[in-house]
Amino acid sequence: MLHLENITLCQDENIVLQNASLKLHNNEFVYLIGRVGAGKSSLLKSLYCEIPFREGAAYLMGYNLRKMKNREIPYLRRQLGIVFQDFQLLTDRTVVRNLEFVLKATGWKKRSHIQTRIREVLTQVGMQNKSYKMPHELSGGEQQRVAIARALLNDPKLILADEPTGNLDPETGMQIVQLLHAICKNGKSVIMTTHNYTLVGNLPARIIRCEKGGLYELK
């Protein structure tokens, strides 16, 4: 699914990764750990073509990320589900309208199909009874569940979760990571960045450390 070999990645002209390599297979869960500024978030951004790779080979789901044309980027992004630390829900509309907005923006037209898909993803994340709520009426954990539902709308092959528990209390954070593990078991791959080593220890998976410009697998 993902093959990075000897890549160089820069953020604001500063090299954050150099000669780094990583492979990800289908249905695999990977924790990407490391301190702030080590390049974890930059790496995720490079996978959805917000930051370009400078050197090396970079292939994701058949796309050559080093040679992506602008017109190809939306098609790649539809195969990715992106979850942010700060949820990034539209605050002026309900849960169902948030999800409807994404589906319409990605080409869904038939109202019955839109309604069915929204019900499916909200049920998957345990939020089927909160579709009428505004974001400010939800707890942080509930908002993150809606954000995960949004990431699932177009049935992506890969979920990129950037510090998804960063704004949550430990118990709620554990529930969110359990949900991501369940999604992985249902046929998705997941890359999750985190500083929370307690979560990593309690819900084990493959671990990649981002450190000193490299990517190192922990055994």
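Guide: Welcome! A salt bridge here is a side-chain nitrogen of Lys or Arg within 4 Å of a carboxyl oxygen of Asp or Glu. Please keep in mind that this is a predicted model.

Visitor: How many salt bridges does a search of the whole structure find?

Guide: The search covers the whole structure. One of the pairs is Arg206 with Glu28, and another is Glu100 with Lys104. The total found is ten.

Visitor: How many residues apart in sequence are the parts that Arg206 and Glu28 tie together?

Guide: The closest N and O atoms of Arg206 and Glu28 are 3.2 Å apart. Arg206 belongs to strand S9, whereas Glu28 sits in the loop between S2 and S3. The salt bridge therefore ties together parts of the chain whose separation in sequence is 178 residues.

Visitor: Is Glu28 buried or exposed?

Guide: The cut-off for buried is under 20% relative accessible area. Glu28 has a relative accessible area of 18%, and its partner Arg206 also has 18%. Because 18% falls under that cut-off, Glu28 counts as buried.

Visitor: In which helix do Glu100 and Lys104 both lie?

Guide: Their closest N and O atoms are 3.7 Å apart. The two residues are four places apart, about one turn of the helix. Glu100 is buried at 9% relative accessibility, while Lys104 is partly exposed at 48%. Both lie in helix H3.

Visitor: Which residue of helix H4 forms a salt bridge with Glu100?

Guide: This pair links distant parts of the chain, with Glu100 in helix H3 and its partner in helix H4, eleven residues apart. The closest N and O atoms are 3.2 Å apart. The partner is partly exposed, with a relative accessible area of 44%, and it joins Arg97, Glu100 and Lys104 in a network of salt bridges. The residue is Arg111.

Visitor: Let's turn to the sheets. Which strands are at the edges of the six-stranded sheet?

Guide: The sheet is open, with mixed pairing and the order S6-S7-S8-S3-S9-S10. An edge strand pairs on one side only, which points to the two ends of that order. The edge strands are S6 (80-83) and S10 (214-218).

Visitor: In S9, which residue is the bridge partner of Tyr31?

Guide: Strand S3 (residues 29-33) and strand S9 (residues 206-211) run parallel and are joined by four bridges. Tyr31 has its partner in S9. That partner is Ile207.

Visitor: Which helix packs on this sheet, touching S6 and strand S7?

Guide: The helix spans residues 140-152, and its direction makes about 165° with that of S6. Strand S7, which the helix also touches, covers residues 158-162. The helix is H5.

Visitor: How far apart in space are Asp162 and Ser42?

Guide: Asp162 is found in strand S7 and is buried, with a relative accessible area of 16%. Its contacts beyond four places in sequence include Ser41 and Leu44. Asp162 and Ser42 are 120 residues apart in sequence, yet their C-alpha to C-alpha separation is 9.9 Å.

Visitor: Which helix supplies the largest share of the largest nonpolar core?

Guide: This core has 38 residues, and Phe29, Tyr31 and Leu99 are among those that touch the most other members. Its contributors of at least two residues include S3, helix H3 (95-105), helix H4 (111-124) and H5. The largest share is seven residues, and they come from H6.

Visitor: How many residues are in the second, separate core?

Guide: The second core is separate from the one just described. Its members include Leu22, Leu32, Leu47 and Leu80. The number of residues is 35.

Visitor: Now the other sheet. Why is one side of strand S2 left without a neighbour?

Guide: This open sheet has four strands in the order S2-S1-S4-S5, with antiparallel pairing. Strand S2 (14-24) stands at an edge, as does strand S5 (63-64). One side of S2 has no neighbour in the sheet because S2 has a single partner strand.

Visitor: How many residues of helix H1 are buried?

Guide: H1 (residues 40-47) lies across S1, S2 and S4, running at about 115° to S1. Its buried residues include Leu43, Leu44 and Leu47. H1 is mostly covered, and of its eight residues the number buried is six.

Technical notes: Residues numbered from 1 in each chain as written. Predicted model: local features only at pLDDT ≥ 70, side-chain atom pairs only at ≥ 80, totals over all residues. Heavy atoms only, no water. Pairing = 2+ DSSP bridges. Contact = heavy atoms within 4.5 Å. Axes fitted to C-alpha atoms, helices over the stretch in contact; angles between N-to-C directions. Buried < 20%, exposed > 50% of the residue type's maximum accessible area, 1.4 Å probe, protein only. Core = buried A, V, L, I, M, F, W, Y, C linked by side-chain atoms within 4.5 Å.
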